[in-house]
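I sat down with a new structure today and kept short notes as I went. Here is what I looked up, in case you want to follow along.

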Amino acid sequence: MSASVQKPLLSIKTRRWLWISLYAACVLSLIMEFFIPQDLHGEHSEHHFMVFRHGHFEGGIDHYAFFFAGLGFLSCVVAIVLAKIVGKWLKVREDYYDD
């Protein structure tokens, strides 16, 4: 009796195309950082560091290049680490349902 061979869900060519598309989208989003203005609060601040002026801080770290890309990456890393911790915490013994 021969064992049935399962075909992968996506072909190698399709998987390669998806990885290339992912990398291209990441590079495109990083390149767009230089061309899209980072005027988030309606201010035309050109400060690249925090300056105390008019009773509040102007500028900030969100004006640095690639800040939002780094924030998104860091958020994903934190979510993955928390998922692993919660997964270990919720794990039950192998014979839990045998009793």
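**Notes on one loop residue and the chain around it**

I began with F35, which lies in the loop between α1 (12–32) and β1. This is a predicted model, so I kept an eye on confidence throughout.

Is F35 buried or exposed? I found it exposed, because its relative accessibility is 68% and exposed means over 50%.

Next I asked which residues share a surface patch with F35. My list reads V27, L28, L30, I31, M32, F34, I36 and F66, and together with F35 they make a nonpolar patch of about 880 Å².

Then I stepped back to the whole chain. I noted two helices and two strands, and from the N terminus on they run α-β-β-α.

I looked up the surface too. The chain exposes about 9500 Å², with 69% of that supplied by carbon and sulfur atoms. Of the 99 residues, 7% are buried.

I checked contacts as well. Taking those with a separation of 6 or more, I saw that 34% join residues 24 or more positions apart.

How many disulfides does the chain have? I wrote down zero, since the rule asks for cysteine sulfur atoms within 2.5 Å. I looked at two cysteines anyway: C26 is partly exposed, because its relative accessible area is 39%, and C76 is also partly exposed, at 49% relative accessibility. Both values fall between the 20% and 50% cut-offs.

Last, I returned to confidence. The mean pLDDT of the chain is 77, and 66% of the residues reach 70 or more. Which element has the lowest mean pLDDT? I found strand β1 (residues 51–53) there with 58, while helix α2 (residues 67–90) has the highest, 91.

How values were computed. Residues numbered from 1 in each chain as written. Predicted model: local features only at pLDDT ≥ 70, side-chain atom pairs only at ≥ 80, totals over all residues. Heavy atoms only, no water. pLDDT = per-residue confidence, 0-100. Helix = DSSP H or I, 4+ residues; strand = E, 2+ residues; numbered from the N terminus. Patch = residues over 30% accessible without salt bridge, like charges linked within 9 Å, V, L, I, M, F, W, Y side chains within 5 Å. Areas by Shrake-Rupley, 256 points an atom, 1.4 Å probe, with all protein chains shown as cover. Salt bridge = Lys/Arg side-chain N within 4 Å of Asp/Glu carboxyl O. Buried < 20%, exposed > 50% of the residue type's maximum accessible area, 1.4 Å probe, protein only. Contact = heavy atoms within 4.5 Å.
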